Amino acid sequence: MAQPVPHQTTDKRRVKVYELRNNDWFDRGTGFCTAAYVPVDDVKEPRVVVESEDQPMRLLLETKIVKDDGFQKQQETLIVWTENGVDMALSFQEADGCAQIWKFIDTVQQTFQGIGGGPDDGLSDDLALDMPTQVQLPAPELGLLAELESNMRIMSTSANGRDSLAKAIMSDDYISKLIPLVEMAEDLESLSDLHRLCNIMKIVLLLNDTAIIEHAVSDDCVLGVVGALEYDPDFPSHKANHRQWLNSQGRYKEVVRIEDDQIRRKIHQTYRLQYLKDVVLARILDDPTFSVLNSLIFFNQVDIVQHLQSNGLFLNDLFGIFADPNEEQLRKKEAVLFIQQCCAIAKNLQPPARLTLYNNFLSHGLLRVINFGLRNFDVAVRVGATDILVSMIDHDPQMIRATIYRQIQDNSSPLTETLIDLLLVEVDLGIRSQVSDALKVLLDATPPGPPEARSEFMGQARMRGQQQVDPQQEVFLNHFYDHSAVRLFKPLLDLERRVEIKFSVLNDGVFSYLNDILSFYIRSHANRSKFFVMQHNLAQRFNQLLSCKEKHLQLVAIRFFRQLVVLQDEFYTKHLAEKAILGPVLDVLLRTMPRDNLLSSACLELFALINKEEHRSLIKHLVETYREKIMALAYMDTFREILSRYDQTQGFTATVDPYFIESEDELRRPTNPASRGLMGEHLAIDPAQEDYWNTSDDEDENPARGAPAQGANSNGTATPKPLVEYTSDEETEENGDAVMTPAASLSPDDAFKENKSPNPSTPPSGTATPPERLSEKRRREEDDDDALDKLVHHKRRNSNASASNSAHTAAALRKKKSFSSGTTPLVPAKKFAITISSNIKNAAVKASGEEEK
């Protein structure tokens, strides 16, 4: 007898069987699970069977699905239930296998709850739970609504069942047959039938079928569908009014007649779909149905916008409303709201289509519409115009800037003037916020790209990249600061003439928006904003707000001062100190410090920022000007550190010149090693003496009569001989520099002895010591306490010309000394390394030979 073939280990229904014993899960083994209707005494019973993995003939589990077992699915791979009072569990290897078994169990449980009849013969033994392709629905009658609801609910649990049900509904036009039942149930006042009709409509709409939804929102069916959905069984004591809302013809207004009937139908359909999505089905809407509704709405909106922007006659009639001064204000209002809806629809379009729509609107006079709307007395119109402007700015602000530039070139009132007027008089906070953002975006001078440093720190400008200046934007900014800036900040400038700082509730809110706008302009328009702030003394105007009683206005002033400190700009730092801005802030802190509130916290944060960023000039100004107030607050760490910083540095004295701080060697050492030879001091030679040294001499032909001018190394190349011989450094001791002195400091005999020519028989050294190396050697060994007379001590040559040259050189060194240390003789002298060019050395050899001769 053939043995049964065991299941593959990769089977998705591989499962472990667990049983709860003494509060601990006992593993009954691993096997493979199947669920099917098993015939028992001519009756098919739903069973779950688990065959052992090791012994396929042994059953680990065979349980009948009954109503009271309470099967539950937990997580993705676990099914638990109670069988004869014992808790059981199936732990699947894969989530797909668990989903297959649970689909069967869930369908059987719904059958036990009265949703369906007995077992379906169409189900195979291997979980073939797909419903037949042909579905026969009960007749649409009030007496069969319970059966109809049960059958629809069962079929909607599987994908094939949903498809078959959708086909049956559309083929039989089942929705149109159900609509009359709503009126019949209402006439009979049968609330149970109305609740069943509501559940049936929900099942039909949640099938996610596009054709069914489009048919449900058609003119013939929409009122009946939403009428059935008014009686929600979850709220039995309440009834909605969907039909009354949708049936109101006054909600659809045609500003300009749309001749295309198909476009008008799509407009109505889109409105109904949005109402269905946002109101009727908002509570029970699942993700698939939500996606279907959004897709239908989106494609309808694309068709509507494409038709409107391609219809030139329609656009001419629409924007011509605002060109006619005799046109009714009501029609102009409706036109603004219609354009607002078009711009709201355009937000969902692709960028090219949205750009085309905005360009068409601008070419037909959209800015005239925005000006009208922003100056209108109706709040709804102002909101609509603001939404139109913000939508276009969000899409492409440069497009609006170019339009405003053309207005400036035409000497007409630019759009910014209208925005400024609206900001100053508007009481709606939402409109104010949008207008404030629009003014900031339109006047943003920063080109697209990575942010660049715009501030200065401790008087040193930070590095900035080269910005490409837009000529149109420059003209726009110049016009704004010349004509509009004073108008925008007029509430601030008017504070100068006010004695008592009091504002109404409607007017005090504008200062917060002006603070945000001005702070943005300071960051974006460096030079223009600096001149504007200094010219109109805006810091002092904000300082006046500290004297009012309203704490939110005091916070506005502190926010502005904090912005200036954060910039770390020397200009604003000096401006704060010169105008004594921080004194009133200290007074506010002293006045509020016993109470821990937002105002005191803001003041403390401002001074903590000054201390953290080490603003030396501000710390010096604070301590020197308000030391008593700082001392009164010194019990806090911030002010104690401010005093400590000031006292430890003696008031932040000016930075000492590095010439007096750095070591002498560092000051004289060249920074570029490649140019060390070029950094030596050059002797200032009189032109007559230079001609003398450059004159050729006959005596230099005889090398035996004078000091050798050149030596030969091993490869025969000539080696130059230094002009000045330092024999004492090499033969006796290495005692420092050979320095030059005037002739008057030595007697002629001593000068002759010290500058005696070397013996001709002495062979010259093979290689001359490099001047720079000798200079470094002498610098390391020189004594810093040498007197000034030692500095000018020098070995002189035995010739009048050389003596004259020595005197001239000593005078040059004396001049150098006077430049570095002044006329005070007690300052230690600085020593210089001297590098002699080869021409001068050769000339010196010639002169020496002439002297010897």
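This is a chat about a predicted model of one protein chain.

User: Hi! What should I know about the model before I start?

Analyst: Hello! It is a predicted model, so local features need pLDDT of at least 70 and side-chain atom pairs count only at pLDDT 80 or more, while totals for chains, interfaces and linings use all residues. Residues are numbered from 1 along each chain as its sequence is written, and side-chain values use heavy atoms, with hydrogens and water left out.

User: Cool. How many helices and strands are in the protein chain?

Analyst: The protein chain has 39 helices and 11 strands. Helices (H or I, at least four residues) and strands (E, at least two) are DSSP runs, numbered from the N terminus.

User: And what percentage of the residues is buried?

Analyst: Buried residues are 42% of the 853 in the chain. Buried means under 20% relative accessible area, exposed over 50%, and partly exposed in between, with a 1.4 Å probe and protein chains only.

User: Which helix could I look at for burial?

Analyst: Try helix 17, residues 415-425. Nine of its 11 residues are buried, so helix 17 is largely enclosed by the rest of the structure. Among those buried residues are L415, E417, D421 and L423.

User: What do the buried residues of helix 17 pack against?

Analyst: They pack against several helices, including helix 14 (366-374), helix 16 (397-409) and helix 21 (510-524). Contact here means heavy atoms within 4.5 Å.

User: New topic: strands. Where is E45 found?

Analyst: E45 sits in strand 3, which covers residues 43-52. Seven of the 10 residues of strand 3 are buried, so this strand is largely enclosed by the rest of the structure.

User: Is E45 buried or exposed?

Analyst: E45 is buried, because its relative accessible area is 14%.

User: Which side chains does E45 make polar contacts with?

Analyst: The E45 side chain has a polar contact of 2.7 Å with that of R47, and another of 3.4 Å with that of K64. A polar contact is a pair of N or O atoms within 3.5 Å; within protein, one must be able to donate a hydrogen and the other to accept it, and residues adjacent in sequence count only if both atoms are side-chain atoms.

User: Which strands does strand 3 pair with?

Analyst: Strand 3 pairs with strand 2 (residues 24-40) in the antiparallel sense over 10 bridges, and with strand 4 (residues 59-64), also antiparallel, over five bridges. Two strands pair if DSSP finds at least two bridges between them. Opposite E45 you will find V38, and opposite R47 in strand 3's pairing with strand 4 is K64.

User: How many residues lie between the strands in each hairpin?

Analyst: The hairpin of strand 2 and strand 3 has two residues between them, and D41 in that turn has a positive phi of about 55 degrees. For the hairpin of strand 3 and strand 4, six residues lie between them.

User: Back to helices. What about S600?

Analyst: S600 belongs to helix 27, residues 598-612. S600 counts as buried because its relative accessibility is 1%. Leaving aside residues up to four places away in sequence, S600 touches L589, T592 and R595.

User: Last one: how many disulfides are there?

Analyst: The count is zero disulfides, where a disulfide is a pair of cysteine sulfur atoms within 2.5 Å. While you are looking at cysteines, C198 is buried with a relative accessible area of 0%, and C603 is also buried, at 0% relative accessibility.
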